[in-house]
Amino acid sequence: MFPIVIVSPVFTKLVSIFIDVYAITLFPFIISKEEMDENTLNHEKIHIAQQKELFVVFFYLLYAYYFIESYYFFRDTHTSYMMIPFEREAYEYDNDLEYLAKRKRFKWLDFR
Ligand SMILES: [Zn+2]
């Protein structure tokens, strides 16, 4: 079964350093605080697609880069998180359950 979904409130609590993490995607795992609704699962699956096209490691490097870049301007962790292109793409399309079937590669580039 891919991706591998794990429910672990302990893990999500541990990684809630900058923001309160409800679910996190660490390819090939999706770890969530509790059972996810279909839109949240879709959101995390969009991150799986982004991570795959960036060989996982470049996703995390860019994710950190975009967060820090936004934080430099906004000085607010929630705003900085919401400005990350990967999050903007995922939030834009997570309620469209057909999205991943038609998604264009590197779509997150449109959200920079
Ligand atoms: Zn996200």
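This passage describes the sheet, the helix packing, two backbone features and the largest pocket of a predicted model.

The strands form an open sheet of three members in the order E1-E3-E2, with mixed pairing. Strand E1 (4-7) and E2 occupy the edges, each with a single partner strand, so one side of each is left without a neighbour in the sheet. Direction ignored, neighbouring strands of this sheet are turned by 20° against each other on average. The pairing of E2 with strand E3 (residues 29-32) is antiparallel and extends over four bridges. Within this pairing, Leu26 has Phe29 of E3 as its bridge partner. Helix H2 packs on the sheet and touches E1, E2 and E3; the direction of H2 makes about 25° with that of E2.

Two features of the backbone fall in loops. The loop between E2 and E3 contains Pro28, and the peptide bond from Phe27 to Pro28 is cis, with omega near 5°. In the loop between H3 and H4 lies Arg75, a residue other than glycine whose phi is nevertheless positive, near 55°.

Among the helices, the axes of H3 and H5 come within 8 Å and cross at roughly 95°. Because crossing angles of 65 to 115 degrees count as roughly perpendicular, H3 is assigned as roughly perpendicular to H5. On the H3 side, the contact involves Phe59, Leu62, Tyr63 and Tyr66, which meet Pro85, Phe86 and Glu87 in H5. Classified by residue type, the contact of H3 with H5 comprises six nonpolar residues, no polar residues and one charged residue.

The largest pocket of the model has a volume of about 750 Å³. Its lining consists of 28 residues, and those nearest the centre of the pocket are Ile19, Val21, Ile24, Tyr63 and Tyr81. Two or more lining residues are given by each of strand E2 (23-26), helix H2 (38-53), helix H3 (57-74), helix H4 (77-83) and helix H5 (85-93). Of these elements, H3 gives the most to the lining, with six residues. By class, the lining of the largest pocket divides into 18 nonpolar, six polar and four charged residues. Tyr63 of H3 thus appears in two settings: Tyr63 takes part in the contact with H5, and Tyr63 is also among the residues nearest the centre of the largest pocket. Helix H2, which packs on the sheet, likewise gives residues to the lining of this pocket.

Key: Residues numbered from 1 in each chain as written. Predicted model: local features only at pLDDT ≥ 70, side-chain atom pairs only at ≥ 80, totals over all residues. Heavy atoms only, no water. 1 Å grid on protein atoms, 1.4 Å probe; cavity = no way out; pocket = protein on both sides within 12 Å on 5 of 7 lines; lining within 4 Å. Points joined across faces, edges and corners; volume = space filled by probe spheres on them. Nonpolar A, V, L, I, M, F, W, Y, C, P; charged D, E, K, R; others polar. Pairing = 2+ DSSP bridges. Axes fitted to C-alpha atoms, helices over the stretch in contact; angles between N-to-C directions. Contact = heavy atoms within 4.5 Å. Parallel < 35°, antiparallel > 145°, perpendicular 65-115°, else oblique.
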